Amino acid sequence: MSKRKTKPSIPLYLQILLGMIGGIIIGMIALHLKGEKIVNDWIRPWGQVFIRLLQLIAVPLVFISLVKGVIGLQDISRFSRLGGKTILIYLCTTVIAVSIGLGLGVAVKPGNFFNREKAAGLQNAYRSIVTEKKAAAEQVKDEGPLKFLNDLIPDNFIRAAGDNRKMLQVIFFSVLFGIAALSIEKTLLVPVSGLFDSLYAIILKMVDYIILFAPYGVAALMAGLAIDFSGDISLFGALAVYAATVIAGMAILIFVFYPLLIHFFSNIKMKRFIRTMYPVQLLAFTTSSSAATLPVTLETVEKELGISNEVSSFVLPVGTTINMDGTSCYQAIAVLFIAQVIGIDLSFAQLLTIVSMTVLSSIGTPAIPGGSYVILTMVLSSVGIPAEGLALILGIDRPLDMLRTSVNVTGDATVAAIVEKGNENTLIKKEYGNTEVQKQ
């Protein structure tokens, strides 16, 4: 009998990459043939369907995975150790990311290359958008320093669960639910634990189904973007130095900083980590949303990197909200760029203010496309830079937003790997201590 030859399967990251290239080609052909309406009416909607499918399961995935993760910690003291370590590492990486951005912005001075006449034209073109973002930032600024407590605690969980921008409220409820579950009798917790194990398996199977559609959704998204940016070629040229500076910052984080952390503070080899993260990075690049990419990040980190569900189900959902290394690095460069274009010299104290404001505000940055605009206007205002300067970068922000989202999800996975090693060491010490007790 002859053996049937199986066709080699194409890796997911290569499928997504081919989808990106195919989408750009479709968009370019449509521009050449004046077929923008065909792309907008018949191709772009499939990209939006893909985004909606990912957003559909984002909230239930975060809720189920966080509750499952907290319950899996078995006791409150272990939860406090894991949660405290996770948040501390996230804050440290954010500070370093902001510092890298400031260093590049001060060294390159991208704003000195910008045409002042073109800057004035951009401010007029985007005046309505800037006014809207500035008003939102002023409203947040006037609400007082403790307003974040109201934003953290939902008054209605169902309403919060129906809005992906309120992921922080979902996380709060999920953690509170998990802590309460750890406080009840173990016998009562058994059926709840089993229920969430089953729900988690179901939600991951839904992720598998949605990912089958990823290459086609990505192609549709890229075709739409090619149409959107057709009139902005000159703008890309004028902002080339700024874009190159941001890209350099992202490259340092993703190819130098994170691999070094993986090498020194995890049990995963750098080459394996970089190779495994390609599909996640490409998906994050096309969706511009670390929240939408979360299902794939969770599956990749657990199945391909071997990180336990106990760690990944807690660290990664929290990271989508409070870990914004790519966004923080970009914001530091953007603030310096706008200041340099307008002609404002920032003092050392103002640079420190940028660092602190960016780190603190990163916790509340929505993990969705364009979610950093409101936060950026607040940072600008904190150092005396007119918020109208935001107009200078809106034209090319989308591709850079796509890039920094790839950095954000890579940072989430990096921290998960670091926490996993610490968690393994704790378990080993615990088992070793128990053995010693038994021997005595």
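A salt bridge here is a side-chain nitrogen of Lys or Arg within 4 Å of a carboxyl oxygen of Asp or Glu. I am keeping that rule at the top of the page, and I note that I am working with a predicted model.

**Entry 1: salt bridges**

I began with the total, and by this rule I get six salt bridges. I looked up three pairs, taking K68 and D197 to start.

K68 and D197 join through their side chains, with N to O at 3.6 Å. I then checked where the partners sit: K68 is in helix α2 (residues 36-72) and D197 is in helix α9 (residues 186-211), so this pair ties together parts that lie 129 residues apart in sequence. Is K68 buried or exposed? I find K68 buried, because its relative accessibility is 19% and the cut-off for buried is under 20%. Its partner D197 is partly exposed, with a relative accessible area of 37%.

I stayed with helix α9 for K205 and D208. Their side chains meet in a salt bridge of 3.9 Å, N to O. Why are these two separated by about one helical turn? They are three residues apart in helix α9, which means about one helical turn between them. I have K205 down as partly exposed at 41% relative accessible area, and D208 as partly exposed at 26%.

My third pair is R159 and D155, whose closest N and O atoms are 3.1 Å apart. On accessibility, R159 comes out at 46% and counts as partly exposed. D155 reaches 71% and counts as exposed, because the exposed class starts over 50%.

**Entry 2: cavities**

Next I turned to the inside. Rolling a probe the size of a water molecule over the atoms shows where empty space is left. I count four cavities of 30 Å³ or more in the structure, and I picked the second largest cavity for a proper look. Its space comes to about 40 Å³.

Which residues line the second largest cavity? My list reads I254, F255, F273, I274, M277, Q281 and T410. The elements giving two or more residues to this lining are α12 (240-265) and α13 (270-287). Helix α13 gives the most, with four residues. Sorting the lining by class, I get five nonpolar residues, two polar ones and no charged ones.

**Entry 3: A240 and P110**

While on helix α12, I also looked up A240, which lies in that helix. A240 is partly exposed, with a relative accessible area of 38%. How far apart are A240 and P110 in sequence and in space? I read 130 residues along the sequence, and 8.8 Å from C-alpha to C-alpha.

**Entry 4: a nonpolar patch**

Last, I went back to the surface. I found a nonpolar patch made of I10, L14, L17, L18, I21, I25, I29 and L33. Together these residues have about 700 Å² of accessible area. I checked I10 by itself: it is found in the segment before α1 (12-32). At a relative accessible area of 43%, I10 is partly exposed, and that value fits the patch rule, because patch residues need over 30%.

Conventions. Residues are numbered from 1 along each chain as its sequence is written. This is a predicted model: local features need pLDDT of at least 70, side-chain atom pairs count only at pLDDT 80 or more; totals for chains, interfaces and linings use all residues. Side-chain values use heavy atoms; hydrogens and water are left out. On a 1 Å grid over the protein atoms alone, a cavity is a set of points where a 1.4 Å probe fits but cannot get out, and a pocket is an open set with protein on both sides within 12 Å along at least five of seven lines; lining residues have an atom within 4 Å of a point. Grid points are joined across faces, edges and corners, and a volume is the space filled by probe spheres set on the points. Ala, Val, Leu, Ile, Met, Phe, Trp, Tyr, Cys and Pro count as nonpolar, Asp, Glu, Lys and Arg as charged, and the others, Gly among them, as polar. Patches are made of residues with over 30% relative accessible area and no salt bridge: like charges are joined within 9 Å, nonpolar side chains (Val, Leu, Ile, Met, Phe, Trp, Tyr) within 5 Å. Accessible areas come from the Shrake-Rupley method with a 1.4 Å probe; for residues, only the protein chains shown count as cover. Buried means under 20% relative accessible area, exposed over 50%, partly exposed in between (1.4 Å probe, protein chains only).
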